[in-house]
Amino acid sequence: MRTGSELTTGPIPVGQFVNLIRTTVRNDSLFQNQVIKGEITQWKSYPSGHTYFTLRDSDGQISAVIWQGRCSIDSSIGEGSVVVVIANLDLYAKSGRIQLIVNRIEPINKLGVLEEQRKQLIELLRSEGMLDRPRKALPSIPKHIAIITGVGSAALADMNRLAENRWPGIRRTVIGVTVQGNLAPNEIVRGILAAGKLADFDLARRLNQPPVDVIIVGRGGGSPEDLWAFNLEPVVRAIIASGVPVISAVGHESDMLVADLVADMRASTPSNAIERLVPEFDQHQMMILNFELRITDATTRMFVDWRNNLRLLQSRLLNAPLQGVYNANQQITDLSNRLTTAIINKFGQSKQKLASLGNIMMLSAQQSIAAEKTKLAVFASALNSAHPNNVLQRGYSMISDENGQIISRTDDLDEGQNIILALADGTAKATVEEITKESGKNE
Amino acid sequence: MSEKMSYGIAVNRLEEIVADLERGGIALDETLKLYEEGAKLLEFCQQELASAEGRLNEMRLSELEEKLSE
């Protein structure tokens, strides 16, 4: 090995210089048995059994070689793999090329890298406020559910079976996509976009179906890698951008994907999505029928109350002044007519089931009102016959003095007195000629 | 029925109407109004229940995209 003093004696041949470097590098523990992480590019195995590649990351790269038989190479390792190598640095003097002589190579758990990306995406979304943004409300009764998942999957079969149990024939459009592998993210995003188009009101009308009002996107359980599409930014962004509420339904209870964090609802499994979205038809049908019965019962009870009120009014009329009776009778007749008309108009508009319930009510109300009207008519005719004018109609007349004082007894008359006779259609003036009092008729 | 009426709102209103009618002591006109409103809401709810029923469409993404681009 040359010393520094020899360098001063003249120019050093380049080969010697390169070998000087080589010796330095090979003797420096910093460059020997070093553990280095990077991504493989230009991976090439030669028939000789040696494998050459470049190890790189965003900041730099270096050539590397694995001599034939030096170490075992995991079958997953290849172009694009992220690996850890244990290697010695060497310099090939002939080419001046510096390279790593690899003694051991191991793939870094791919998931480790993905997990890192997932964390970064979550942080990004958090900083954008996407994780705690307001969520869209799910429809209480979904009119048209879009289900984005694998066609023919067990998850889809489960969802369909459960949906039919809860609400037979509930409207669904299943959009079959690839849910794992390289194609998955793109297809899921396109599925969400297509479902969004089905939510368009005009398009829905053209297709003669209700607009999609909720989207379920998901798949059944699998390995973390299988579910990974639901951790990727394009899928997550598509869920956030959807105008229709999205339910994320991926894997099992324990799987928490980024899609779950941003969806309008996170279902623990695809089946859970159906359980939480699709109501039970029977329960709702029962509730509506129950409302119908209670409204009808309560209203019928009120009619009974009014009928009783009419009766009360009628009995009070018996003691009321004459003119008051006519007015009140007129009012009651009016009221009865209005009540009947209102019932016919309003209940008559109700349809089908409601109409039949309404009809029963209307009939019972009409019957009770008709009965009241008959009674009132009898009552009113009795009152009418007692009115003085009606007496005059029958040929009687009424006598009063010139001051209008009614005269009913001979004691109130003098011979020669002028009197007024009230007849059915007018009056006549007369003079009293003779007074004859009949005994026993003074009252 | 207003465009904004939803099944949930209708059910809440029906609860109120039933409660009012069952409490009683309401004038004739008001009762008829409530009954009429209740009848309309019930009809709306029945329609809502019926309108959720439809077909099950199953298709590949590409089929749907083709259909949508028509």
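The expected span of a helix is 1.5 Å times one less than its number of residues, and that rule gives this tour its starting point. Please keep in mind throughout that the model in your viewer is predicted.

**Stop 1: helix 1 of chain B.** Select residues 7-23 of chain B, which form helix 1. With 17 residues at 1.5 Å a residue, helix 1 of chain B should span 24 Å, and this agrees with its end C-alpha atoms, which are 24 Å apart. Now show the side chains of B:Y7, B:A10, B:L14, B:I17, B:V18 and B:L21, which are buried. These residues lie on the same side of helix 1 of chain B, because they cover an arc of only 100° around the axis. If you turn the helix to its other side, you will find B:N12, B:E16, B:A19 and B:R23, which are exposed. Just after helix 1 of chain B, stop at B:G24, where phi is positive, at about 75°.

**Stop 2: the whole of chain B.** Widen the selection to chain B, which has 3 helices and 1 strand, and follow the chain along its sequence to read the pattern α-α-β-α. Of the 70 residues in chain B, 27% are buried.

**Stop 3: where the two chains touch.** Show both chains together and look for the contacts, in which 36 residues of chain B meet 42 residues of chain A. On the chain B side, helix 1 (7-23), helix 2 (28-51), strand 1 (56-60) and helix 3 (61-68) each supply at least two residues. Which of these elements gives the most to the side of chain B that touches chain A? Select helix 2 of chain B, since this helix gives the most, with 14 residues. If you color the side of chain B that touches chain A by class, you will see 18 nonpolar, 9 polar and 9 charged residues.

**Stop 4: strands that meet across the chains.** Select strand 7 of chain A, residues 172-176, together with strand 1 of chain B; the two run parallel and are joined by 5 bridges. Along this pair, A:R172 has B:L56 as its bridge partner, and A:V174 stands opposite B:E58.

**Stop 5: around strand 7 of chain A.** Keep strand 7 of chain A selected and ask why it is largely enclosed by the rest of the structure. The reason is that 5 of its 5 residues are buried. In a regular strand the side chains alternate between the two faces of the sheet. Here A:R172, A:V174 and A:G176 are on one side and A:T173 and A:I175 on the other, and both faces are covered. Next add strand 6 of chain A, residues 145-149, which pairs with strand 7 of chain A in the parallel sense over 5 bridges; one of the paired positions joins A:T149 to A:G176. Add helix 4 of chain A, residues 154-166, and you have a right-handed β-α-β unit made of strand 6, helix 4 and strand 7 of chain A.

**Stop 6: helix 9 of chain A.** Finally, select residues 270-277 of chain A, where A:P270, A:A273, A:I274 and A:L277 are buried. They cover an arc of only 95° around the axis, and therefore sit on the same side of helix 9 of chain A. Among the elements that cover these buried residues are strand 6 and helix 4 of chain A, together with strand 8 (214-219), strand 9 (246-250) and strand 10 (265-267) of chain A.

Notes: Residues numbered from 1 in each chain as written. Chains lettered and ligands numbered in written order. Predicted model: local features only at pLDDT ≥ 70, side-chain atom pairs only at ≥ 80, totals over all residues. Contact = placed C-beta atoms within 7 Å. Helix = DSSP H or I, 4+ residues; strand = E, 2+ residues; numbered from the N terminus. Nonpolar A, V, L, I, M, F, W, Y, C, P; charged D, E, K, R; others polar. Pairing = 2+ DSSP bridges. Buried ≥ 20, exposed ≤ 12 C-beta atoms within 10 Å, placed from the backbone. Right-handed = clockwise from strand over helix to strand, strands pointing away. Arc of directions from axis to C-beta.
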